[in-house]
Amino acid sequence: MSGDVAVLGAGMHPWGKWGRGFVTYGRIAAHAALADAGIGWSEVRSVVGAQTVRGGYPGYVAGATFARALGWQGARVASVYAACASGAQAIDTARAQILAGLADVVLVVGADAAPKGFFAPAGGERPDDPDWLRFRVLGATNPAYFGLYARRRMALYGDTPQDFALVKVKNAAAGALNEYARYRTVVTAEEVAASAMVADPLRLLDICATSDGAAALVLCSMEFARRRGVRDPVRIRAVSTVTPTFPRTVLDLPDIGTDSAVAVDPSPESFRASIARTAYEEAGIGPEDLSLAEVYDLSTALELEWYEDIGLCGPGEGAKLLRSGATAPGGRVPVNASGGLASFGEAVPAQAIAQVCELTRQLRGRAGQRQVPGARVGITANQGLFGHGSAVVAVR
């Protein structure tokens, strides 16, 4: 049996701060995906919702919430939460249902209505919750961690704030061409350098915002696609949702300590690198086969690290690769042709799905001015709190 599933439809709600509930955004994205697929809601046999913890009980049971919003019609439902990796886990759940023969057509939806400012832990006293502890004990907000990552790169590899700024310049230029992006204005390196300092060395324009938004996919079996006359669909060939290996010797959200390496030698491979490697192995490809990549640029410095983690260059070579133009439009492997989080901001359960929406448009040749010529293979990569890996390989 082929492990491929077809992407029959992709839809999104624009990112921004719209002042409405996540269900509204998700319903609009779902209708857009159904229209793109050319099928009716009644033909969907399963709904997988990526959860949002900010939506109360409806957010916890996102699959049923979206099914109800679209109109009860008997489809099975599932709800998935894996922080920033929620969307990829939802895609993986849908793919498993299709390959198991449980459903021919599955709708995957993720939507969020994010708070203003940075994310904070849910209310209440939870001293056994590492996410609660890192805020309450250390005061370590997400931007503080991003700043530490950037400082680490500066110390290990000699990266500079000017290198980080160039990531924002590249992604802002791409986002200016994306109708779904929240920020659609080009910026200069000088404007990045002049923006407010948030977590040294990262400035306001180095760090992604929090946003409202939604994305949806209609996935189906290859046989269903053929019956509908779709002979050459975009196909999801691999989904990686791996976890770290013990011991972890580099601090990572939300941890505030590392594992001891006295008894067990650390893996020579980082957690993030293992996410991409697993996806490559499942898909039977390597980084040399990529046409483009969408990575989780929570900060400009983190995008440079993803270059290395997905195998575009060696450790410490991310800034050099960026300056060569290889990851820019027209380069060897454009990264974040969508504009990335720099242009969208975080709508947590939607973002990994939105990454696949971008790959779908690119592989179909329908990305307009952002189009990567001849795109045939793409990868997405991000990471969720508590050791959630997330990578999707799409091909055509």
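Where does Pro-247 lie? In this predicted model, Pro-247 is placed in the loop between β8 (234-240) and α10 (271-283). The peptide bond that joins Phe-246 to Pro-247 is cis, with omega about -5°. A cis peptide bond also leads from Asp-200 to Pro-201, where omega is near 15°. Pro-201 belongs to the loop between β5 and β6.

Asp-200, which precedes Pro-201 across the cis bond, also takes part in a salt bridge. Its side chain meets that of Arg-151, with an N to O distance of 2.9 Å. This pair links distant parts of the chain, as Arg-151 sits in helix α6 (residues 142-157) and Asp-200 in the loop between β5 (197-199) and β6 (202-203), 49 residues apart. Both partners are intermediate in exposure: Arg-151 is partly exposed, with a relative accessible area of 38%, and Asp-200 is likewise partly exposed, at 46%.

Helix α6 also contributes to a salt bridge between Glu-308 and Arg-153, whose side chains meet at 2.5 Å, N to O. Here too the pair links distant parts of the chain: Glu-308 is in helix α11 (residues 300-309) and Arg-153 is in helix α6, 155 residues apart. Glu-308 has a relative accessibility of 12% and therefore counts as buried, the limit for that class being under 20%. Arg-153 is also buried, at 2% relative accessibility.

In total, the structure holds 26 salt bridges. One of them joins Asp-252 and Arg-248, the closest N and O atoms being 2.7 Å apart. Asp-252 is buried, with a relative accessible area of 7%. Arg-248 has a relative accessibility of 18%, and so it also counts as buried, given that the class takes in values under 20%. Salt bridges further link Asp-4, Asp-232, Arg-235, Arg-237 and Arg-396 in a network.

Arg-235, a member of this network, stands opposite Val-395 in β11. The pairing of β8 with strand β11 (residues 388-395) is antiparallel and extends over 5 bridges. Strand β1 (residues 5-16) is also joined to β8, by 3 bridges, and these two strands run antiparallel. Within the pairing of β1 and β8, Val-7 has Val-234 as its bridge partner in β8. Strand β8 is mostly covered, with 6 of its 7 residues buried.

Helix α10 contains Ser-274. This serine is buried, at 9% relative accessibility. When residues up to four places away in sequence are not counted, Ser-274 touches Val-242 and Glu-269.

Positive phi values occur at residues other than glycine. Ala-83 has phi near 55° and is placed in the loop between β3 (76-80) and α4 (86-99). The residue is buried, with a relative accessible area of 5%. For Asn-336, phi is positive at about 60°, although the residue is not a glycine. Asn-336 is located in the loop between α12 (318-324) and α13 (340-344), where it is buried, with a relative accessible area of 1%.

The loop between β3 and α4, which holds Ala-83, also contains Tyr-81. In contrast to the buried Ala-83, Tyr-81 is partly exposed, with a relative accessible area of 39%. Tyr-81 forms a nonpolar patch on the surface together with Val-53, Tyr-57 and Tyr-60, and the four side chains belong to residues with about 440 Å² of accessible area together. Membership of such a patch requires over 30% relative accessible area, so the 39% of Tyr-81 satisfies this condition.

Key: Residues numbered from 1 in each chain as written. Predicted model: local features only at pLDDT ≥ 70, side-chain atom pairs only at ≥ 80, totals over all residues. Heavy atoms only, no water. Helix = DSSP H or I, 4+ residues; strand = E, 2+ residues; numbered from the N terminus. Buried < 20%, exposed > 50% of the residue type's maximum accessible area, 1.4 Å probe, protein only. Pairing = 2+ DSSP bridges. Patch = residues over 30% accessible without salt bridge, like charges linked within 9 Å, V, L, I, M, F, W, Y side chains within 5 Å. Areas by Shrake-Rupley, 256 points an atom, 1.4 Å probe, with all protein chains shown as cover. Contact = heavy atoms within 4.5 Å.
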